[in-house]
Each structure stands twice: as C-alpha cells, then as structure tokens.
Amino acid sequence: MSRKIVSLLTILSLVIALVPFPTKAVTITTGDLVVAETACKGFPQDAVYYVSGSELIVFPYLSVYLSHGFPADFSVVKRVSCSDLDSYTVAGYAKFREGTA
C-alpha cells in the first residue's frame, strides 16, 4: 500500500514539474532592462538587454551593467520569453559608462 502511494506521489510530482505553467504577460517599453527566461536562438545567453525602440543593446559583462548604475541584484530587470525577444534586433553591445573604466 505505501509503495503505491509513494509511486503515485512520484508520478504526480513529475507531472506537475513537467507541465508548463503560463507565464504572466510582460509589457516591454523603451528603457526597460530584460533577460530571457530560457536560452533563445540568436540571442547571447544569460545577457541583460537594454530596450531601445525596436532594438536591444546587450550588456556583455556584469561589470559593464554595473558601470551604468544598475543594481547588482537585478531587481529592475524583467524576465521575458523568447517570443518577446524575437520582435527585437540586437543593435550592439553596451560599453562601460564614460568615466567608470
């Protein structure tokens, strides 16, 4: 009896873990900082992007991101889906803010 319960709970937990939950819609506007929830084809992985109109500026390194005065805890960065990023083009890479490097 207890083996059946353990098996049932194991299967239930796997089903819950594998079923994708709908993500909350995120509104992206110029000036936002975004990062992809998962790896996206055509976009550097684990990069933070600055949204500038229909283009994205990539922060290639943490030090570049921090030089612009953004918080180290990434509290201002929005997590977005790959389909959200697909509507933008990568325009280039951010450089260190003048006077910081």
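Phenylalanine 74 is partly exposed in this predicted model, because its relative accessible area of 35% lies between the 20% and 50% cut-offs. The residue sits in the loop between H2 and E4, and its backbone has a positive phi of about 60° although phenylalanine 74 is not a glycine. Phenylalanine 74 also turns up in two groupings described below: an aromatic cluster and a nonpolar surface patch. From there, the briefing moves on to the cross-links and then to the protein as a whole.

**Aromatic cluster**

- Phe74 shares one aromatic cluster with Phe59, Tyr65 and Phe70.
- Five aromatic pairs are counted in the structure. One of them brings together phenylalanine 59 and phenylalanine 70, whose ring centres are 5.8 Å apart. Their planes meet at 85°, and since an angle over 60 degrees counts as edge-to-face, that is the class of this pair.
- Phenylalanine 59 belongs to strand E3 (residues 55-59), while phenylalanine 70 lies in the loop between helix H2 (62-67) and E4. The pair therefore ties together parts that are 11 residues apart in sequence.
- Are the two partners buried or exposed? Phenylalanine 59 counts as buried at 7% relative accessibility, whereas phenylalanine 70 is partly exposed at 24%.

**Tyrosine 65 and its surroundings**

- Tyrosine 65, another member of the cluster, is found in helix H2. With a relative accessible area of 1%, tyrosine 65 is buried.
- Which residues does tyrosine 65 touch, leaving aside its neighbours within four places in sequence? The contacts include the cluster members Phe59, Phe70 and Phe74. Leu33, Val48, Pro71, Val76 and Val77 are also in contact with tyrosine 65.
- The C-alpha atom of tyrosine 65 is separated by 9.8 Å from that of alanine 47, and the two residues are 18 residues apart along the chain.

**Nonpolar surface patch**

- Leu62, Leu66 and Phe74 make a nonpolar surface patch of about 250 Å². Phe74 thus has a place in the patch, because its relative accessible area of 35% is over the 30% needed.
- Leucine 62 is found in helix H2, where tyrosine 65 is also located. Leucine 62 is partly exposed, with 47% relative accessibility, in contrast to the buried tyrosine 65 at 1%.

**Disulfide**

- The structure has one disulfide. Cysteine 40 and cysteine 82 are its partners, with an S to S distance of 2.0 Å.
- Why is this disulfide left-handed? The torsion about the S-S bond is about -90°, so the disulfide takes that hand.
- Cysteine 40 lies in the loop between strand E1 (33-36) and strand E2 (48-52), and cysteine 82 lies in helix H3 (residues 82-85). The disulfide therefore ties together parts that are 42 residues apart in sequence.
- Cysteine 40 is buried at 10% relative accessibility, but cysteine 82 is partly exposed, with a relative accessible area of 24%.

**Salt bridge**

- Side chains of opposite charge can pair when their charged atoms come close.
- A search of the whole structure turns up one salt bridge. Aspartate 32 and lysine 78 form the salt bridge, and their closest N and O atoms are 2.9 Å apart.
- This pair links distant parts of the chain, as the two residues are 46 residues apart. Aspartate 32 is in the loop between helix H1 (2-18) and E1, and lysine 78 is in strand E4 (residues 77-80).
- Aspartate 32 is buried, with a relative accessible area of 14%. Lysine 78, by contrast, is partly exposed at 28%.

**The protein as a whole**

- What elements does the protein have? There are three helices and five strands, and from the N terminus on they run α-β-β-β-α-β-α-β.
- Of the 101 residues in the protein, 25% are buried.
- Among contacts with a separation of 6 or more, 63% come from residues 24 or more positions apart.
- The accessible surface comes to about 7300 Å², and 61% of that surface belongs to carbon and sulfur atoms.

Note on methods: Residues numbered from 1 in each chain as written. Predicted model: local features only at pLDDT ≥ 70, side-chain atom pairs only at ≥ 80, totals over all residues. Heavy atoms only, no water. Disulfide = S-S within 2.5 Å. Helix = DSSP H or I, 4+ residues; strand = E, 2+ residues; numbered from the N terminus. Buried < 20%, exposed > 50% of the residue type's maximum accessible area, 1.4 Å probe, protein only. Salt bridge = Lys/Arg side-chain N within 4 Å of Asp/Glu carboxyl O. Phe/Tyr/Trp six-rings, centres within 6.5 Å; stacked < 30°, edge-to-face > 60°. Patch = residues over 30% accessible without salt bridge, like charges linked within 9 Å, V, L, I, M, F, W, Y side chains within 5 Å. Areas by Shrake-Rupley, 256 points an atom, 1.4 Å probe, with all protein chains shown as cover. Contact = heavy atoms within 4.5 Å.
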